[in-house]
Amino acid sequence: MTTVEEPARREGRIRDAARTKAEILKVATEEFARAGYTGARVDEIAARTRTTKRMIYYYFGGKEQLFTAVLERSYAVIRQAEGDLDVGHLDPVAAIRRLAELTFDHHEAHPDFIRLVSIENIHDAEHIAASETLSSLNSPAIDVIRRILEAGREQGLFTAEVDAVDLHAMISSFCFFRVSNRHTFGALFGRDLTADDRREHYRTMLGDMVIAYLTAERPAA
């Protein structure tokens, strides 16, 4: 009987530990996004979870490691979405539009991700640079963009010699700005970039902008 119960109890403890860590990361994501790295308090995270400050340190090692784990988890979501994107059946123009829409949808649905990236930039990306997980995480989007660009040029659809990383930055910057600057932009210009009645307008605008850049006629050298 002991040999049957012990593995079952051990498996239960593993599941409980996984659930506890997931809950800590969820709450920590909200707290770091709300208060920033400097302002966030591990005591507050512990108070909002079914655990203790000591247990958080046991699982993650400390506040810095916890913030790094939050970043790793947040980046994993967009990297997974990029990796799951299926554009192989689409022509290059439709494919690049779909990729842009994916980034648009993700950034809109994950405002905490936008805040976390902004916070990490304030800290000069020191946590990302120190993370083996994040430092070695090559964005699947870059490979997808590169293949789409090559196909578009081979078919004579894309005339621009555009670097995949540059195009990724172009797409990301529009999507990021729309969420990160919505309040300041709204205060200055009286327009909410994330308003529901303008969502499809901006989503289409992004795709049109990218495609126009890729298909524009270039003057002869």
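**View 1. The DNA-binding region annotated by UniProt, in a predicted model.** An unreviewed UniProt entry places the feature "DNA-binding region" at residues 41-60. Over this stretch the chain is 75% helix and 0% strand. The C-alpha atoms at its ends are 14 Å apart.

**View 2. The HTH tetR-type domain as UniProt lists it.** The record, again an unreviewed entry, gives residues 18-78 for "domain: HTH tetR-type". Helix makes up 87% of the chain here, and strand 0%. From end to end, the C-alpha atoms are 21 Å apart.

**View 3. Phe32 and its contacts.** Phe32 lies in helix H1, which covers residues 2-39. Its relative accessibility is 1%, so Phe32 counts as buried; the cut-off for buried is under 20%. Leaving aside residues up to four places away in sequence, Phe32 touches Tyr37, Ala40, Ile45, Lys63, Leu66, Phe67, Val70, Leu116 and Ile119. Thr184 gives a distance reference: Phe32 and Thr184 are 152 residues apart in sequence, and their C-alpha atoms are 21 Å apart in space.

**View 4. The largest pocket and its lining.** The space in this pocket is about 200 Å³. Its lining consists of Lys26, Thr29, Glu30, Arg73, Ser74, Val77, His106, His110, Pro111, Asp112, Phe113 and Leu116. H1, helix H4 (63-84) and helix H6 (111-122) are the elements that give two or more residues to this lining. H6 gives the most, with 4 residues. By class, the lining has 4 nonpolar, 4 polar and 4 charged residues. Leu116 links this view to the previous one: Leu116 lines the pocket and is also touched by Phe32.

**View 5. The largest nonpolar core.** This core has 28 residues. Ile96, Leu99, Leu167, Leu206 and Leu214 have the most contacts inside it. Helix H5 (92-109), helix H9 (140-154), helix H10 (164-180) and helix H12 (199-215) each supply at least two of the core residues.

**View 6. Leu167 and the second core.** Leu167 touches Ile96, Ile145, Leu149, Val162, Val210 and Leu214, not counting residues up to four places away in sequence. Among these partners, Ile96 and Leu214 are, like Leu167, listed with the most contacts inside the largest core. A second core is separate and has 27 residues. Its members include Ile24, Ala28, Phe60 and Ala69.

Methods:
Residues are numbered from 1 along each chain as its sequence is written. This is a predicted model: local features need pLDDT of at least 70, side-chain atom pairs count only at pLDDT 80 or more; totals for chains, interfaces and linings use all residues. Side-chain values use heavy atoms; hydrogens and water are left out. UniProt positions are given in the numbering used here, feature names are shortened, and annotations may be inferred rather than shown by experiment. Buried means under 20% relative accessible area, exposed over 50%, partly exposed in between (1.4 Å probe, protein chains only). Contact means heavy atoms within 4.5 Å. On a 1 Å grid over the protein atoms alone, a cavity is a set of points where a 1.4 Å probe fits but cannot get out, and a pocket is an open set with protein on both sides within 12 Å along at least five of seven lines; lining residues have an atom within 4 Å of a point. Grid points are joined across faces, edges and corners, and a volume is the space filled by probe spheres set on the points. Ala, Val, Leu, Ile, Met, Phe, Trp, Tyr, Cys and Pro count as nonpolar, Asp, Glu, Lys and Arg as charged, and the others, Gly among them, as polar. A nonpolar core is a set of buried Ala, Val, Leu, Ile, Met, Phe, Trp, Tyr and Cys residues joined through side-chain atoms within 4.5 Å.
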